[in-house]
Amino acid sequence: MKETAKNLELMSQFGIHEGISEIIAATRNVSEKKEDTCLFNAAPIGIIWKNDKMFLRLFPGTQTYENLMREEYFTANVTTDSVLYVNSTFYDLDDSEFSTLDFSGTIVPALKGTDRYVVFRCVNRLLAQGSMIIDIEPVGFKIQTENVGFLPNRGFYSVIEICVHLTRYEKTKDPAYIELIKHHWSLVQRCGRKRDKEALSILKRRLSGFDTDC
Ligand SMILES: Cc1cc2nc3c(=O)[nH]c(=O)nc-3n(C[C@H](O)[C@H](O)[C@H](O)COP(=O)(O)O)c2cc1C
C-alpha cells in the first residue's frame, strides 16, 4: 500500500497527471492478427486518471486491444517526438525500435527513443459499451534521457490532434475531420519545431491515400 502511494507520487515526475495523458503504449504481440512477424507493437493511448483511479479505454479493432486483452504488463512511453506519435499511430514500428525488460518473469517491451517510461500492470478488465476498460497500476519507472520536457508548443499538440482526427476520419470518412485537420495543419506550420514539420510530411503521405484537398 505504501509502495503504491510512492508510485503515485512518482507519476507526476514522469509527466503523467490527473485527466488524460497521451502516452505511447508498447505491448507484446500475442494474437495472430498480424500477418508479419513483429514481436512488439506501439500506439498512442490515453491514460485516464480520475478520482484516484487509473485506467485505459480501448476500442476494438486495434493490435493494442488484442494484446492487452491478454497481456499483464505494458509500458507507457513519454516523449515529445511528434514523428514517433505519427509513425506509431499509422504504421508498425520495427522491432529494433524496442528494448525489452524482464518484469517478474514476463518480457515487456519499451520504446528506445523516448525520454521516460512507466511499467503498468493490468489489474482488471471490463467490457462495456463497445470498449474495454482496463484498470491499471504503475509498477516500474525508467528515465532514459536527461530531457526535462518543454513548455506547451501548439505545433506539437496540433500534430497529436491531427493524428486523432485522421484516425477518426479513416474510420468514418466524415469530412468534418478534414476541416479540423486543416486548422491544426496551419498551427504546426506556424508554431511547430523542425520535428513537428517532419511529422507533417509523413501525415501528408498518409492523407494522399484519400480523396481530400489537404
Ligand atoms: C493521441 C492519441 C490518443 C489515442 N488514445 C486512444 C485510446 O485511449 N484508446 C484507443 O482505443 N485508441 C486510442 N487512439 C487510437 C489508436 O492509437 C489508433 O487506433 C492506432 O492506430 C492503434 O494502433 P494498433 O493497431 O497498432 O494498436 C489514440 C490515438 C491518438 C493519436
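This report describes the domains, the ligand shell and three loop residues of the structure above. The model is predicted.

**Domains**

The chain divides into domain 1 (2-143) and domain 2 (154-207). Their centres, taken over C-alpha atoms, are separated by 23 Å. Where the two domains meet, 11 residues of domain 1 are in contact with 12 residues of domain 2. On the side of domain 1 that touches domain 2, helix α3 (residues 82-90) gives the most, with seven residues. The residues of that side of domain 1 comprise five nonpolar, four polar and two charged.

**Ligand shell**

There are 17 residues around the ligand, and those that come nearest are Ala43, Pro44, Thr62, Thr64 and Cys163. Two or more residues of the shell are given by each of the elements β2 (40-50), β3 (53-58), α2 (63-70) and α4 (154-172). Among these elements, β2 gives the most, with five residues. Sorted by class, the shell holds eight nonpolar, seven polar and two charged residues. The ligand lies between domain 1 (2-143) and domain 2 (154-207), because both give residues to the shell around it.

**Loop residues**

Three residues in loops between strands are set out below.

| Residue | Loop | C-beta atoms within 10 Å | Exposure |
|---|---|---|---|
| Valine 30 | between β1 (19-28) and β2 | 14 | partly exposed |
| Asparagine 51 | between β2 and β3 | 5 | exposed |
| Serine 104 | between β5 (98-103) and β6 (106-111) | 11 | exposed |

Most residues other than glycine have a negative phi. Asparagine 51 has instead a positive phi, near 45 degrees. This asparagine 51 is exposed because it has 5 other C-beta atoms within 10 Å, and a residue counts as exposed at 12 or fewer. Serine 104, which is not a glycine either, has a positive phi of about 50 degrees. By the cut-off of 12 or fewer, serine 104 is likewise exposed, because it has 11 C-beta neighbours inside 10 Å.

Valine 30 counts as partly exposed because it has 14 C-beta neighbours inside 10 Å. Leaving aside residues up to four places away in sequence, valine 30 touches Asn67, Arg70 and Glu71. The C-alpha atoms of valine 30 and asparagine 67 are separated by 5.6 Å, although the two residues are 37 residues apart along the chain. Helix α2 (63-70), one of the elements of the ligand shell, thus spans positions named among the contacts of valine 30, including Asn67 and Arg70.

Notes
Residues are numbered from 1 along each chain as its sequence is written. This is a predicted model: local features need pLDDT of at least 70, side-chain atom pairs count only at pLDDT 80 or more; totals for chains, interfaces and linings use all residues. A residue is near a molecule or strand if its C-beta atom, placed from the backbone, lies within 6 Å of it. Helices (H or I, at least four residues) and strands (E, at least two) are DSSP runs, numbered from the N terminus. Ala, Val, Leu, Ile, Met, Phe, Trp, Tyr, Cys and Pro count as nonpolar, Asp, Glu, Lys and Arg as charged, and the others, Gly among them, as polar. Domain bounds come from an automatic or database domain assignment. A residue is buried if 20 or more other C-beta atoms lie within 10 Å of its own, exposed if 12 or fewer, and partly exposed in between; C-beta atoms are placed from the backbone. Two residues are in contact if their C-beta atoms, placed from the backbone, lie within 7 Å.
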